[in-house]
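Student: I have a model open and would like to learn how to read its features. Could you walk me through a few of them?

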Amino acid sequence: MKVYGIIGWPVAHSLSPAMHNAAFQAYGIKAVYGLLPVAPEELEAAVRGLSALNIAGVSVTIPHKEEVMKYLYRIDETARRIGAVNTILNREGKLFGFNTDWLGAQRALTEKIDLTGKEAVVVGAGGSAKAVVYALIQAGARVSVYNRTLARAEELARRFGARAYPLEEINEAHGDVIVQTTSVGLKEERSPVPKEVLRRFKVAMDLVYQPLMTKFLREAQEAGCAIVDGLSMLVYQGIEQFKLWTGLEASPALMRQAAENALKGAS
Ligand code: NAP
């Protein structure tokens with residue numbers, strides 16, 4: 001029996017155990033995936049412990065995605081460029097770090113639109129925005145980042161070759177795709193983007209998935225956009241993790257159903 005899990009702080013509400021355990025079961029893999037809460041001051045010891053305990057792989061979530069990189073044997077080139085690791089694979093005691101968030105974001109968006117040559121707006125410049133901006137640029141889009149703290153948007157823009165604006169200028173934003181990566185709208189009826197602005201876009205994606213239909217997404221839909229909810233990216237990044245760990249391509253429908261069931265149970 002192989003053991004997998006998620007390290008983060010807190011992790012109690014993670015949907016990843018539901019998604020991965022459903023996939024292990026569906027494909028007849030003798031493995032279990034559990035919650036591994038790790039306080040920030042325990043991160044180094046916990047990561048060393050992964051090899052000692054022969055844990056086969058872990059997902060990494062807030063607040064450890066950057067810090068964890070210090071304690072790994074090798075980091076994949078893309079994860080290094082993004083500056084964050086969300087997946088660890090234990091190969092014969094050596095820990096390898098990857099990033100599947102960007103692939104999740106890219107796959108979720110490209111289901112709706114070919115990103116080549118498109119204008120994209122990213123709202124927010126936190127940890128998740130790094131993977132989203134990388135995904136958009138890698139797919140050939142031009143990116144403008146709007147953030148409450150301009151310096152953070154500028155840093156992100158410099159890193160990936162995007163443009164940076166303060167969030168107060170969001171009324172001027174226009175393009176083909178808009179991605180909401182801030183925590184605004186999480187368990188609240190708020191959106192950082194006025195509805196009139198959303199009329200200028202064809203596709204809108206929100207990273208927040210609690211609730212699944214955020215105010216941002218509802219208004220985007222009313223404004224005529226095709227919408228992509230936060231579970232889409234979560235499911236696709238999970239599918240990429242599953243592939244790294246098992247070599248198998250899990251069914252998106254299966255993982256999504258498991259995540260939705262867990263989300264209903266949590267709310
Ligand atoms: P983070 O690193 O803490 O960044 C938070 C971002 O939200 C920053 O840009 C911050 O702006 C902005 N923000 C926070 N409060 C705001 C407010 N009142 N008004 C305007 N901007 C505000 O967080 P993160 O890791 O990027 O995560 C952001 C959200 O995405 C969370 O809800 C998380 O659950 C979700 N997420 C979803 C997925 C998925 O797969 N669907 C993956 C990762 C994250 P400042 O820079 O000005 O502080």
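Tutor: Gladly; we will take helices, single residues, backbone details and record annotations in turn. Keep in mind that this is a predicted model.

Student: Let's begin with a single helix. Which residues of helix H6 are buried?

Tutor: The general idea comes first. An α-helix has 3.6 residues a turn, so residues three or four places apart point the same way. In H6, which spans residues 150-160, the buried residues are Ala 153, Leu 156, Ala 157 and Phe 160. These residues lie on the same side of H6 because they cover an arc of only 100 degrees around the axis. On the other side of H6, Glu 155 and Arg 158 are exposed.

Student: What covers the buried residues of H6?

Tutor: The cover includes two helices, H3 (77-82) and H5 (127-138), together with strands S8 (142-147) and S9 (163-166). After H6 comes Gly 161, with a positive phi near 80 degrees.

Student: S8 is part of that cover. Where is Asn 147 found, and is this residue buried or exposed?

Tutor: Asn 147 belongs to strand S8. Asn 147 counts as buried because its relative accessible area is 9%, and the cut-off for buried is under 20%. Beyond its neighbours within four places in sequence, Asn 147 is in contact with Gly 124, Ala 125, Arg 152, Ala 153, Tyr 165, Pro 166 and Leu 167. One of these, Ala 153, is a buried residue of H6. Leu 167 is 20 residues from Asn 147 in sequence, yet their C-alpha atoms are 4.7 Å apart in space.

Student: How do I describe two helices that pack together?

Tutor: Two packed helices are described by the angle between their axes and the distance between the axes. Here, try helix H1 (residues 16-26) and helix H9 (residues 230-246): they pack at an angle of about 50 degrees, and their axes are 10 Å apart. That angle makes H1 oblique to H9. The crossing of H1 past H9 is right-handed.

Student: Which residues meet where H1 packs on H9?

Tutor: From H1, the residues are Met 19, His 20, Ala 23 and Phe 24. They meet a set of H9 residues that includes Leu 234, Val 235, Gly 238, Phe 242 and Trp 245.

Student: And what does Ser 232 in H9 touch?

Tutor: Not counting residues up to four places away in sequence, Ser 232 touches Ala 108, Glu 111 and Arg 256. Ser 232 counts as buried because its relative accessibility is 13%.

Student: How would Arg 91 be read in the same spirit?

Tutor: Start with the place, then the accessibility, then the contacts. Arg 91 sits in strand S5 (residues 87-91). With a relative accessible area of 44%, Arg 91 is partly exposed. Leaving aside neighbours within four places in sequence, Arg 91 is in contact with Phe 96 and Phe 98.

Student: Now the backbone. Which residues are joined by a cis peptide bond?

Tutor: For this feature, look at omega. A cis peptide bond joins Trp 9 and Pro 10, with omega about 5 degrees. Another joins Ile 62 and Pro 63, where omega is also about 5 degrees. Pro 10 is in the loop between strand S1 (2-8) and H1, while Pro 63 is in the loop between S3 and S4.

Student: Where should I look for a positive phi in a residue other than glycine?

Tutor: Try Asn 54, whose phi is near 60 degrees. Asn 54 is found in the loop between helix H2 (43-52) and S3, and is exposed, at a relative accessible area of 58%. Lys 187 is not a glycine and has a positive phi of about 55 degrees. Lys 187 lies in the loop between strand S10 (177-180) and helix H7 (195-198), and is exposed with a relative accessible area of 62%.

Student: Last topic: record annotations. Which residue does the UniProt annotation "active site" cover?

Tutor: In the unreviewed UniProt entry, that annotation covers Lys 65. In the model, Lys 65 lies in the loop between strand S3 (57-60) and strand S4 (74-75). Apart from neighbours within four places in sequence, Lys 65 is in contact with Val 60, Ala 84, Val 85, Asn 86 and Asp 101.

Student: What does UniProt list for residues 6-88?

Tutor: The unreviewed entry places "domain: Shikimate dehydrogenase substrate binding N-terminal" there. The span is 33% helix and 22% strand, and its end C-alpha atoms lie 10 Å apart.

How values were computed: Residues numbered from 1 in each chain as written. Predicted model: local features only at pLDDT ≥ 70, side-chain atom pairs only at ≥ 80, totals over all residues. Heavy atoms only, no water. Buried < 20%, exposed > 50% of the residue type's maximum accessible area, 1.4 Å probe, protein only. Helix = DSSP H or I, 4+ residues; strand = E, 2+ residues; numbered from the N terminus. Arc of directions from axis to C-beta. Contact = heavy atoms within 4.5 Å. Axes fitted to C-alpha atoms, helices over the stretch in contact; angles between N-to-C directions. Parallel < 35°, antiparallel > 145°, perpendicular 65-115°, else oblique. Left-handed = near helix turned anticlockwise from the far one by under 90°. UniProt positions renumbered as here; feature names shortened; annotations may be inferred.
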